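Subject: Structure handover

Hello,

As agreed, I am passing the structure on to you. Please have a look at it before reading my notes underneath.

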Amino acid sequence: MAFLQMIYYGVPGTGKSYSVDQLKGVATAPDEQVFRVTFHPEYTYSDFIGQLLPVVKEDLITYDFQLGIFTQALVQAFKDTSKPVYLIIEEMSRGNVAAIFGDIFQLLDRNEKNVSRYPIRNSLVAKNIRQISNDVIYFPANFNIIGTVNTSDQNVFAMDTAFKRRFDWKYVSTNPVRNEEGELLQDYNVPITLYYGDKLIKTNWYEFYLKLNKFITDKNNGLGLREDKQIGQFFIQFSTRMNEKKIKDKFQNKLLQYLWDDVESVSYNRAIKLFSEEITNFSELFSTFDKELQIFSNIFLEYYIHCDIPEEILN
């Protein structure tokens, strides 16, 4: 039985959650063996582990321990240690992981049998696991923790080295994701039109986001920003059922805002801009796009025309 204590990391939209779902164990596991949670800035240890909450029983108010997602998963893992249990944590860096894990952090160290090396005492959790006769809890070998981290969000709550080293890390690149037959996902092969003065540049989403990524990080002819400002193919959720108007709407309302707030505004190279010099605020950008006029700078559009994407990526 494979053991996983892993974090998938990459820029927004690279398909980190998709990669987790495609894992052999996760993809074939029954629903009762998979537990999911998303961290956020207000998420706490009590939310994760569990907490005492008031319950009305026969007109009397009592306090019962309500299991958090972590405890639910651990209880399930102990029910049958021959079956893998997966606790999937999305957006780990958006929560304060050190505070959320608390004393559970110590259990992340595993021995050669993939069992927690240093058990801890936690009576509230232990009393819900009938296979444990005392207050000492630990991770059995079938208990897997898989997380995702958006690298552009790491400034929300920084993960310390002690936490990071207890996980294996797997990078999810910005290259297009393919299906089991090795083919590009057709839902994302949608047409995109760029306006360059009186000319039209007919392209598609795959080519557009890859060339945009190169421009974002190109230190000589582009914006020269870090890779965490790039995007992945899933940054926008496309579908082959979408008409041209719906595709344009998603491009306008999701991508343009990100590019304006998180890419153009943090560029230090003011001589090279992503958007046209005539556009001075987001309202102008939004309305210019509506009018089907040029929104991108001549520099970017020339870069786009002459930029080559390796054939092995798009074929």
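What follows is a summary of what was found, from the whole chain down to single residues.

Please keep in mind that this is a predicted model.

Overall picture

The protein chain contains twelve helices and eleven strands. Its C-alpha trace spans about 75 × 45 × 40 Å along the principal axes. Of the 315 residues in the chain, 47% are buried. Among contacts with a separation of 6 or more, 67% are between residues 24 or more positions apart. The chain exposes about 16,500 Å², and carbon and sulfur atoms supply 48% of that area. On the charge side, there are 34 positive and 41 negative charges, and the mean positions of the two sets are 4 Å apart.

Salt bridges

Side chains of opposite charge can pair when their charged atoms come close. The structure holds six salt bridges. Three of them are described here.

Asp21 and Arg36 form a salt bridge through their side chains, with an N to O distance of 2.5 Å. This pair links distant parts of the chain, since Asp21 is in helix H1 (residues 16-21) and Arg36 is in strand S2 (residues 34-38), 15 residues apart. Asp21 counts as partly exposed, at 30% relative accessibility, and Arg36 is partly exposed as well, with a relative accessible area of 41%.

Asp109 and Arg166 form another salt bridge, and their closest N and O atoms are 3.1 Å apart. Here the two residues both sit in loops: Asp109 in the one between helix H5 (97-101) and strand S6 (120-121), Arg166 in the one between helix H7 (161-164) and strand S9 (168-171). They are 57 residues apart, and the pair links distant parts of the chain. Are these two residues buried or exposed? Asp109 has 19% relative accessibility and therefore counts as buried, the cut-off being under 20%. Arg166 is buried too, with a relative accessible area of 14%.

In the salt bridge between Lys248 and Glu292, the closest N and O atoms are 2.4 Å apart. Lys248 lies in helix H9 and Glu292 in the loop between helix H10 (282-290) and helix H11 (298-306), so this pair ties together parts of the chain that are 44 residues apart in sequence. Both partners count as partly exposed: Lys248 at 25% relative accessibility and Glu292 at 36%.

A buried lysine without a partner

Lys229 is in the loop between helix H8 (205-217) and helix H9 (244-263). Lys229 is buried and yet has no salt bridge. Which side chain of opposite charge is nearest to Lys229, and how far away is that side chain? The nearest one is Asp262, at 4.5 Å. A salt bridge requires a distance within 4 Å, so the pair does not count as one. Leaving aside neighbours within four places in sequence, Lys229 is in contact with Ile216, Tyr258, Asp262, Val263 and Val266.

Aromatic pairs

The count of aromatic pairs comes to 33. One of them joins Tyr9 and Trp169: the ring centres are 5.5 Å apart and the planes are at 70 degrees, so the pair is edge-to-face. Tyr9 lies in strand S1 (residues 5-10) and Trp169 in strand S9, so the pair ties together parts that are 160 residues apart in sequence. Tyr9 is partly exposed, with a relative accessible area of 27%, and Trp169 is partly exposed at 30%.

Trp205 and Phe238 also make an edge-to-face pair, because their planes are at 70 degrees; their ring centres are 5.3 Å apart. Trp205 is in helix H8 and Phe238 in the loop between H8 and H9, 33 residues apart, and the pair links distant parts of the chain. Both Trp205 and Phe238 are buried.

Surroundings of Phe101

Phe101 lies in helix H5 and counts as buried, at 0% relative accessibility. Not counting residues up to four places away in sequence, Phe101 touches Phe39, Tyr45, Phe48, Ile89, Met92, Leu108 and Phe163. Phe101 and Ile49 are 52 residues apart in sequence, with a C-alpha to C-alpha distance of 8.1 Å.

Regards

Note on methods: Residues numbered from 1 in each chain as written. Predicted model: local features only at pLDDT ≥ 70, side-chain atom pairs only at ≥ 80, totals over all residues. Heavy atoms only, no water. Helix = DSSP H or I, 4+ residues; strand = E, 2+ residues; numbered from the N terminus. Buried < 20%, exposed > 50% of the residue type's maximum accessible area, 1.4 Å probe, protein only. Lys, Arg positive; Asp, Glu negative; His and termini not counted. Contact = heavy atoms within 4.5 Å. Areas by Shrake-Rupley, 256 points an atom, 1.4 Å probe, with all protein chains shown as cover. Charge placed at Lys NZ, Arg CZ, Asp CG, Glu CD. Phe/Tyr/Trp six-rings, centres within 6.5 Å; stacked < 30°, edge-to-face > 60°.
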